[in-house]
2 protein chains.
Amino acid sequence: MGKCVNHPDRETGYICMKHNIYFCEDCMECRDPDIYCKFRPSCPIHFITKKGFESSEDVPDKEECIVTFQPGGKKVAVTPGTNLLEASQKTDIYINASCNGKGSCGKCKLIIESGKADSEKTSLLSEKENERGYVLACQSKIFENIIVKIPEETIEKKLKAAGMGETATKKLSGLVEKIEPIVEKVPLQLDLPTMEDTVSDFDRLKRQLKKFGYDTSKMSSNIRVMRQLTESVRNDEWKVIASLLWKKCSSEIVDVSPAKDQKKSFGMAVDLGTTSIVVYIVDMSDGAILSTASGHNRQAACGDDVINRIVCSEKDGVKKLKKMAISTINDLTKQAISSINADHKQIESIVISGNTTMIHLLLGINAKYIRREPYIPTVSEFPIIKAGEIGLKAAYYAGVFVMPGPASYVGGDIVSGVLYTGFNQFEDLTLFIDIGTNGEIVLGNNEFLMTAACSAGPAFEGGGIRWGMRAEDGAIEKITIDSKTFEPDYLTVENKPARGICGSGMIDLLSEMLLKKVIGQDGKFQIDTNHPRFVLFNEEPAFIIEYADNIDSEEDIIFTQSDIKSLILSKAAIYAGFSILLDQVGMDFSSISQMIITGGFGQYLNIEKAITIGLLPDIEREKFKYMGNSSIAGAYMALLSNTYRQQAIAISNTMTYLDFSSNNAFMEEFTRAQFLPHTDANLFPSVHTD
Amino acid sequence: MGKCVNHPDRETGYICMKHNIYFCEDCMECRDPDIYCKFRPSCPIHFITKKGFESSEDVPDKEECIVTFQPGGKKVAVTPGTNLLEASQKTDIYINASCNGKGSCGKCKLIIESGKADSEKTSLLSEKENERGYVLACQSKIFENIIVKIPEETIEKKLKAAGMGETATKKLSGLVEKIEPIVEKVPLQLDLPTMEDTVSDFDRLKRQLKKFGYDTSKMSSNIRVMRQLTESVRNDEWKVIASLLWKKCSSEIVDVSPAKDQKKSFGMAVDLGTTSIVVYIVDMSDGAILSTASGHNRQAACGDDVINRIVCSEKDGVKKLKKMAISTINDLTKQAISSINADHKQIESIVISGNTTMIHLLLGINAKYIRREPYIPTVSEFPIIKAGEIGLKAAYYAGVFVMPGPASYVGGDIVSGVLYTGFNQFEDLTLFIDIGTNGEIVLGNNEFLMTAACSAGPAFEGGGIRWGMRAEDGAIEKITIDSKTFEPDYLTVENKPARGICGSGMIDLLSEMLLKKVIGQDGKFQIDTNHPRFVLFNEEPAFIIEYADNIDSEEDIIFTQSDIKSLILSKAAIYAGFSILLDQVGMDFSSISQMIITGGFGQYLNIEKAITIGLLPDIEREKFKYMGNSSIAGAYMALLSNTYRQQAIAISNTMTYLDFSSNNAFMEEFTRAQFLPHTDANLFPSVHTD
């Protein structure tokens, strides 16, 4: 206990943890910021809590409840009535919350160890779970101090990211002939000034640049450079390295340093996915990928899909989402750059590829109207931004090129994909799909590019599926079912004990269940209800993939009728998307010369089984191409070459966006496709379900 | 007394005045910033002093002396050995210190009221002054607590600035035909988005701009605009005002606001003089000058001339000088803008005109090499800067055009002068001089512009002259001497009791003393030493202009032999400058078709008398033109018109700079001109001194 800073005669237990200063009850009450805490104006984050507890963001009410999260013991003080998901979001604890607190995904399970929460009843928890004290964090309000435990399955694990690893350099090498970084380093020996040659330092610099063929009439600079210039030019006998940031129609001198201080210049390519973020650190002298890192987008705490993220940004402010994305990228940058013993200030060129919502939120731009008819993004083509302006860990002046995105639901990640796969340069028709958290399709060739997003939903990434999960350690990614015994045989990511099932596993499973007649073409169960693998879960039929005992779990891993329904809706949406795009240009699947599949998901996809369930069209198998994570690959190409950056802009401008949300033909086709593989069996001649 | 924040068991008298937190002796001693004051990192200016005293900048030694300045009672704690000038600079008290503490100008007089200072003996103080306790602040170190009084003459008074007042609008009206602000406001009605027209907000904006003929391919923007765009476009039914900042070869959309929030847009022209600063607030719709303000450049506390300012910036950091200039401008802006009941955020275009050193210091650019051979400035032509980047009171995005300056000693103020007077467009030869704190000359026509600075010194602004002063209230600005009685008859600024003599008064005086034979052509006194107006001051002959009794002063206002010498050196430098420039192009004074005189000084200049002393050449009187403050006039023109801004750049690039500092011909001519009017009487046929 200490004395109140405003009323030195009073003892009090309120303490500003940042400043180690006490406040009394009156000061807490009045809330006048000047009295409440004088240091507030100079103190952007302000921690105040009752003494003895760790910290709480922003100002708590007088009455507050303390939540302790186990394992780890992190404490947070919140106002009574706060739910446990909100409480976790006030700390740096990230737990799965696919539906952003709607109570519909059932991912945010916590176990109450001490104290009581006021939890809504939910069918998403089993009886066993209820008995063990499981609650859904988002459905549990707290009115007293409480200790909760985060179970294994709720903590996010290391993600198996696509298109990564040691082979990255090899895979991408040779794609770029001439390296043109966004920030070009130009070594210059300036003329020494004399009484006969008294032009200013800046003019002297420009004169030399002009000698080397640079168009200095279109060259600008900024106040930072002018302030450093005087000493920079004189520090190494008028030998300098000028850094030129290339913009659309001009360039800016963003740095001038003594030649002797010169360090290697790095670039960074970023794939900003809704689910996961990947960064590549690139040597800008030869294009070699020196290190990579990947991790979950921290925004996942605000929901799995872009709609939930936007909802969250409207509720809590876009800054919160911006911060989450930036901090994820910065942590990955730190990890990747320290692994090569370099300094993040050596990163001078950056390309970021992501969907339209992710890019808006990253830049702190309002994304509100992306989810409202007529679905208008704020910006499609972005000016070159400086890293320091948005808080990215890099040289302050590092040039950031953001992949342009033609529409609210077809973004820069898809433009990246087209850039990388390059089908926009050929006469033959290509059908391109990126299956990530959404499903974006591009149909086109060197004459046109038509694109659409087909609201596949997050099912293939585990969203809305009881045991669905991302391709993390322990996710079932391949599965077969014995036609006689119905015994499943599966493989998991990294061969860890099964924790759930990811997208490729689900396709396998659905296909196997269909072919082995566990379910019919309508998706309904037709297996003998007495079979040991058949079970009723909340009065719903379900198939047991793995028994709890085999994996040291409390619960069997099951696949329910609802899960099947979700998956069928997703695959139907994608297939309908293909059909309608082709319809629009008066073609059908036979006109396609190749079908490119990209996305984190695509990496593990079994084409044959995807055709069996009617996700992919029944065409010649050799027409299918897996291209892995094309978003990061395109970003890498744009990082190294201005030709590619300009091509990306051209691709984005060429794309015609077709909106399915109010398209009747799409709705019809979508309905027709809600069958395995399709209501029109003629479309899938090679699939035999009987 | 209170408890130490680090050692709560100890009472102490040390207090951080900003945070109201106490520290004990140990904490003061150790100086570890973490222990010393935890708040330091978030606290740029850190006040610590013994309790009971007002404040002291930065960290004092354990032992300290308290200086109290009267009138006002402002207190400051300083380390023993600090001189009184340095002590005053730690507060917001500004006292005259023309020589920046060298002890040579004698301006920084203070009276010691209590306590003792260790003062150097100086001939710049009279015996009477010594008796009354006068000291020079810069020559007086303190080792104990002291109370000093700032006498009337040391406090800066309101300056009579040239080219100002109600007539400003009239004088400048009609100069600009078509208004092209740096930040252009474009009202736009955007198309409402539909499902058929889903381009992004930003593309929608650019599309409309394109319709109005703007080249959007060269248009960029920034992250601030993109963050405000979403709501701005929707706030007034897609009616917006876009603000375009015009740069060299491109434009930047710097603001987009709902049309209904639109306010009047203002511009600001700034004359950043070494001595005084003038601002004009301009209505950008019609160019009307709505209000003006002027004041002393606060940097004056660091010396009268540019050299002293640079020395100070090297010693104390350029940030200090930057802050002084910015705060002077901001105060004037506040004054001018509040007089028209407007908000400073309505200022969206700014032009600043000043000499090269002033501009460097204002922008926080190192000016070190301006004063070192070969005299190289860091920047001559400045990119458009945003007001917010340098801390100017205006819209954050307000575009700042800085008048380019061709050389270290011929700056943007002279370019402004040429732009305003326009002689660069005529075939006839013009000789242009700006007599401010320095004396810059331009010779030229529509084919060439040759320029030089002639180190006239600050004599004409009162520097180095015992009773010299600027054209403030009470300055003698006109004077005649009776040829028989030698009684002077004078006028003062605002008819206030005489406090000293300003530039135009000195020219009058020198001319009168010469013509009435108080002195000879060599400047030596030849008046009867028994004449009551003759006096010896520190063993030096002097002329009494006014008796102390008549003006309720302690001292007679006198003009000494040294003063005459200083003035002769100044006028000789200027005349030599004229001659050498003409020599360089093989011409003489007869080739000149007009002679333009500008500068704050020029306003009150008596041409005839200036010729008599040999400051101006003896040519036809009708060739002389007074043009007032041409620096602010040129800034005003550039503010309103891009044509003029581009012309200013062209003028600066056309100028050839001639350096006199190592020019033998100049030195010879300078020596020859140190006579009244000149050693070669043929050059001044109309001057009759006998």
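What follows is a conversation about a predicted model with chains A and B.

Reader: To get my bearings in chain A, how many helices and strands are there?
Author: Chain A has 18 helices and 34 strands. Of its 690 residues, 53% are buried, and if you take the contacts between residues at least 6 apart in sequence, 66% of them join residues at least 24 apart.

Reader: How is chain B placed relative to chain A, I mean what turn and shift lay one on the other?
Author: A turn of 179° together with a shift of 0.2 Å along the axis lays chain B on chain A, with an RMSD of 0.3 Å. That is the relation of a two-fold axis.

Reader: And how many residues are in contact between the two chains?
Author: On the chain B side there are 51 residues in contact, and they meet 53 residues of chain A. On chain B, at least two residues each come from α6 (201–211), β14 (219–221), α7 (223–235) and α11 (387–390).

Reader: Which of those gives the most?
Author: That is α7(B), which gives 6 residues to the side of chain B that touches chain A. Sorted by class, that side of chain B has 22 nonpolar, 17 polar and 12 charged residues.

Reader: Why can you say that the copies meet through the same surface?
Author: Because 98% of the interface residues of chain B are also interface residues in chain A, the copies meet through the same surface.

Reader: Let me change topic to the sheet in chain B; what is the order of its strands?
Author: It is an open sheet of 6 strands, and their order is β33-β32-β23-β24-β25-β34 in chain B, with mixed pairing. Strands β33 (624–626) and β34 (655–657) of chain B stand at the edges with a single partner strand each, so one side of each is left without a neighbour in the sheet. From one strand to the next, the twist averages 20°.

Reader: Mixed pairing is new to me, so where in this sheet do I find parallel and antiparallel pairs?
Author: For the parallel sense, look at β23 (residues 430–435) and β32 (residues 594–598) of chain B, which pair over 5 bridges; there, B:T430 has B:Q594 in β32(B) as its bridge partner. For the antiparallel sense, look at β24(B) and β25(B), which are also joined by 5 bridges.

Reader: What joins β24(B) to β25(B) along the chain?
Author: A hairpin does, passing through 4 residues. Within this pair of strands, B:G444 has B:L449 in β25(B) as its bridge partner.

Reader: And how does β25(B) run relative to β34(B)?
Author: The two run parallel and are joined by 3 bridges, and B:T451 stands opposite B:Y657 in β34(B). As for its surroundings, β25(B) has 4 of its 5 residues buried, so it is largely enclosed by the rest of the structure.

Reader: Moving over to chain A, is helix α12 mostly covered or mostly exposed?
Author: Helix α12 of chain A, residues 412–421, is mostly covered, with 10 of its 10 residues buried; among them are A:I414, A:V415 and A:V418. Just after α12(A), A:G422 takes a positive phi of about 70°.

Reader: What about α16 of chain A, how many of its residues are buried?
Author: In helix α16 of chain A, residues 630–640, the count is 11 of 11, so to speak a helix that is mostly covered. Its buried residues include A:I632, A:Y636, A:L639 and A:L640.

Reader: At what angle do the axes of α12(A) and α16(A) cross?
Author: They cross at roughly 70°, and the axes come within 7 Å. That makes α12(A) roughly perpendicular to α16(A), because angles of 65 to 115 degrees count as roughly perpendicular.

Reader: Which residues make that contact?
Author: From α12(A) the contact is made by A:D413, A:S416, A:G417, A:L419, A:Y420 and A:T421, and from α16(A) by A:S630, A:S631, A:A633, A:G634, A:A635, A:M637 and A:A638. By class, the residues of this contact divide into 6 nonpolar, 6 polar and 1 charged.

Key. Residues are numbered from 1 along each chain as its sequence is written. Chains are lettered from A and ligands numbered from 1 in the order in which they are written. This is a predicted model: local features need pLDDT of at least 70, side-chain atom pairs count only at pLDDT 80 or more; totals for chains, interfaces and linings use all residues. Two strands pair if DSSP finds at least two bridges between them. Axes are lines fitted to C-alpha atoms, for helices over the stretch in contact, and angles run from 0 to 180 degrees between N-to-C directions. Two residues are in contact if their C-beta atoms, placed from the backbone, lie within 7 Å. Ala, Val, Leu, Ile, Met, Phe, Trp, Tyr, Cys and Pro count as nonpolar, Asp, Glu, Lys and Arg as charged, and the others, Gly among them, as polar. A residue is buried if 20 or more other C-beta atoms lie within 10 Å of its own, exposed if 12 or fewer, and partly exposed in between; C-beta atoms are placed from the backbone. Copies are superposed by least squares on the C-alpha atoms of residues with pLDDT of at least 70 in both. Angles under 35 degrees count as roughly parallel, over 145 as roughly antiparallel, 65 to 115 as roughly perpendicular and the rest as oblique.
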